[in-house]
Protein chains: 2
Amino acid sequence: MITIRDVAREAGVSIATVSRVFNNAEAVATDTRREVRAVATRLGYSPHGTARSLITRRTATIGLILPDLYGEFFSELIRGVDHAVRAQGYHLLVSSSHADRAEVDSAMALMRGRVDGLVVMLPERQQAQVPLVSGRLPLVRLGGAPHNGDADAIVVANRDGARAMVRHLVSLGHTRIGVIAGADANSDADERMSGVRDGLEDAGLGEDALLRVAGDFSEASGFRAAREMLRADPRPTAIFALNDAMAIGALSALRAEGVNVPADIAVAGFDDIPMAQFLDPPLTTVRVDISAMGARAATRVLSHLGNGPSGSGVEIVPTTLMVRRSCGNPGAWSPTIPESLA
Amino acid sequence: MITIRDVAREAGVSIATVSRVFNNAEAVATDTRREVRAVATRLGYSPHGTARSLITRRTATIGLILPDLYGEFFSELIRGVDHAVRAQGYHLLVSSSHADRAEVDSAMALMRGRVDGLVVMLPERQQAQVPLVSGRLPLVRLGGAPHNGDADAIVVANRDGARAMVRHLVSLGHTRIGVIAGADANSDADERMSGVRDGLEDAGLGEDALLRVAGDFSEASGFRAAREMLRADPRPTAIFALNDAMAIGALSALRAEGVNVPADIAVAGFDDIPMAQFLDPPLTTVRVDISAMGARAATRVLSHLGNGPSGSGVEIVPTTLMVRRSCGNPGAWSPTIPESLA
DNA sequence: CCCGTTACTGTAAACGTTTACAGTGACTCC
DNA sequence: GGAGTCACTGTAAACGTTTACAGTAACGGG
């Protein structure tokens, strides 16, 4: 490995001068600078990040701790974080697959001294537990329910989104709504469920308007849940899956049973994954800008590091209702082409 | 920040002893060990990764450089890499969104001294260009065409997979096949296209059996391409989209035009993304185990670092033909439930 | 009683940088 | 011509670890 010392010797200057050239700070004579640069490229030198980090006390890296990595959700999230972080010249250290809180804490410990800040998304189980403690490192929590004790968090307006969807369904005349819920103890799922209850309440509908069946955010669980709902009495006239993957499963089940969507049963999802508009029928869903959420989390961490205006508190990522045809969008009955192609 | 020196002072020992406790190497008296551990947790000490890296000359990190981060493909890839890497106690540094070769090289330079090895996937354009040079760092290239000059690479059996699919289509009686190709200069797409030609040749069919329309791996491009194919004369009796996302777009277009799948036109995809089995009809496709590919790449890099048996060369990830109903799977005509639920 | 061994612990030199501080000429100005 | 300023460069001390080497005390054997 070739070091700053080799370059200095070869160029006939001190290591301080080489360092100055590479941090293009302070005054270095143009000739010297040129010479050093030349020697450096000839020798194939580039500064050693670790050594630099040790002395400057910044790693130029932020850590991202995720519970899991299945599905488009996480790739979008990483994409958002990566983008924001790279824009400020930072690196991204990713650690995923943390089944419980202990693993998250250990991942955080392992990252000590390797990152300047952290973005953490907790695994489903212990969401609202003991607040995360990261020593001096800026930390922002991602997802889950708002207001659980930590200073910084970016969360989705799950509750508002679900509420808006239920109101939409009710406005279409549905008074018996089947909801395919998320995993137990997943607080995003919990929040969406609360939103459903809010919406029902808004409409003056009671508990009997709601048929809740558990799912786990997978297509398979949506399939099973929808099949179960078809046997319910009274049978719901609308199915609201708390994410799009489960809605896809539900559509598949309904099709297998010969039930027409939306004529017989309306179906709605949550997330608006890219293919939602290409489904049959195109899926009415609640849009969430996941990569924006990741970007915001990263930006927040960076702001505590002195990049950009600093702020604190819980920030909420809004949702949008995307009305397509799976709930019988009035006025869009004829076969339409996906809006991204219009 | 609390350092090894603080712990040493507080515990009344030297920093060497504290270090020894944390690397649980060599002999340390049980009492001393206990005391140090106690002080360390009381003070909330954990070793500083950067400092450790500097002296040990290993960062316990491997770098992953990706062209992009859109879609499930990349999250699966990261998942595989992350898993393999964590199993050996390594960290994962991710850098994505590299539009061209220069950006890849700069990302590699930025990672110098921060990682012990690299997994690199090149952006679509300059795939087969100048081989990657990483100095002393072990490097494995991911995806693209095999045999382009680098020592280590993990690639998908794109060609075999596409060939198998074409043979399947031909065996079903199709002699006019529309292929929705991938982006220009994407070598995975190129390889799949070569496989298509192989398959056609196997069947003794000429160039006129093939209708090629360009796509870019997105649902939208699949939609457009399928629509274009419907206007071709003679019209193909089967559409083979070179990935599942485009197949989904194609299904959507066919539906909009009132064409029945598979009765009027067969549709096939490539990748076998999770929801392929939940589509209408369930999609016949070529299965690729993406996360396994990522894991293999990581394992290969790690092997050069002395973890596990070492090997070199180009490794090929096999594909499997998944016959479902979108091409008229004989004997599976009645509505079936997805196989993951059976 | 001395020596060798064992079991533990401390000292100090690295690792490759950055940066405060201290030079060193050359030039300007009075 | 001396002082002051300026532009540039070098010296050396950090940053928080690991680890070779040396040191110490206790103990057993001769």
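## Surface near DNA strand D

In this predicted model, the residues of the surface near DNA strand D divide into 14 nonpolar, 9 polar and 5 charged. Of the 28 residues around the strand, those that come nearest are A:Arg20, A:Thr32, A:Arg57, B:Arg5 and B:Ser19. Both protein chains therefore appear in that list of nearest residues, given a cut-off of 4 Å for a residue to be near a strand. On the DNA side, 61% of the atoms of strand D within 4 Å of the protein belong to sugar or phosphate, and the rest to bases.

Several elements each supply at least two residues of this surface: α2 (15-22) and α4 (49-56) of chain A, and α1 (4-11), α2 (15-22) and α4 (49-56) of chain B. The largest share, 4 residues, comes from α4(B).

## Polar contacts to strand D

Phosphate oxygens of DNA strand D have polar partners in both chains. A polar side-chain atom of A:Arg57 lies 2.7 Å from a phosphate oxygen of strand D. From chain B, a polar side-chain atom of B:Ser19 is 2.4 Å from a phosphate oxygen of the strand. B:His48 takes part through its backbone, with a polar backbone atom 3.2 Å from a phosphate oxygen of strand D. A:Arg57 and B:Ser19 are also among the residues that come nearest to this strand.

## Surface near DNA strand C

DNA strand C is surrounded by 28 residues, of which the closest are A:Ile4, A:Arg5, A:Ser19, B:Arg20 and B:Thr32. Sugar and phosphate make up 61% of the atoms of strand C that come within 4 Å of the protein. Sorted by class, the surface near strand C has 14 nonpolar, 9 polar and 5 charged residues.

Which kinds of DNA atom do A:Tyr45 and A:Ala51 approach? An N or O atom in the side chain of A:Tyr45 is 3.1 Å from a phosphate oxygen of DNA strand C, whereas a backbone N or O atom of A:Ala51 lies 3.4 Å from a base nitrogen of the strand. In chain B, a polar side-chain atom of B:Thr32 is 2.3 Å from a phosphate oxygen of strand C. Two or more residues of this surface come from each of α1 (4-11), α2 and α4 of chain A and from α2 and α4 of chain B. Here α4(A) gives the largest share, 4 residues.

## Aromatic rings and charges

Over all chains the count comes to 7 aromatic pairs. One of them joins B:Phe73 and B:Phe74, with 5.2 Å from centre to centre and 85° between the planes, and is edge-to-face. B:Phe73 counts as partly exposed because its relative accessibility is 23%, while B:Phe74 is buried, with a relative accessible area of 11%.

Two arginines of chain B sit over phenylalanine rings. The charged end of B:Arg37 is over the ring of B:Phe22, at 5.3 Å from its centre. B:Arg192 lies over the face of B:Phe270, 3.8 Å from the ring centre.

## Strands of chain A

Strand β8 (residues 238-241) of chain A has buried residues on both sides: A:Ala238 and A:Phe240 point one way, and A:Ile239 and A:Ala241 the other. β8(A) runs parallel to β6 (residues 177-180), to which it is joined by 4 bridges. Within this pairing, A:Val179 stands opposite A:Phe240.

β8(A) also runs parallel to β9 (residues 266-268) of chain A, through 3 bridges. There the bridge partner of A:Ala238 is A:Ala266.

## Backbone features in loops

The peptide bond from A:Asp280 to A:Pro281 is cis, with omega near -5°. A:Pro281 is in the loop between β9 and β10 (285-288) of chain A. Chain B has a cis peptide bond from B:Val261 to B:Pro262, with omega near 10°. B:Pro262 is placed in the loop between α10 (244-256) and β9 (266-268) of chain B.

A:Asp271 has a positive phi of about 130° although it is not a glycine, and its place is in the loop between β9 and β10 of chain A. A:Asp271 is buried, with a relative accessible area of 11%. In chain B, phi of B:Asp271 is near 130°, again a positive value in a residue other than glycine. B:Asp271 lies in the loop between β9 and β10 (285-288) of chain B and counts as buried because its relative accessibility is 13%.

Key
Residues are numbered from 1 along each chain as its sequence is written. Chains are lettered from A and ligands numbered from 1 in the order in which they are written. This is a predicted model: local features need pLDDT of at least 70, side-chain atom pairs count only at pLDDT 80 or more; totals for chains, interfaces and linings use all residues. Side-chain values use heavy atoms; hydrogens and water are left out. A polar contact is a pair of N or O atoms within 3.5 Å; within protein, one must be able to donate a hydrogen and the other to accept it, and residues adjacent in sequence count only if both atoms are side-chain atoms. Ala, Val, Leu, Ile, Met, Phe, Trp, Tyr, Cys and Pro count as nonpolar, Asp, Glu, Lys and Arg as charged, and the others, Gly among them, as polar. Rings of Phe, Tyr and Trp (its six-membered ring) pair if their centres lie within 6.5 Å; planes under 30 degrees apart count as stacked, over 60 as edge-to-face and the rest as tilted. Buried means under 20% relative accessible area, exposed over 50%, partly exposed in between (1.4 Å probe, protein chains only). A charge sits over a ring if NZ of Lys or CZ of Arg is within 6 Å of the ring centre and within 35 degrees of the ring normal. Two strands pair if DSSP finds at least two bridges between them.
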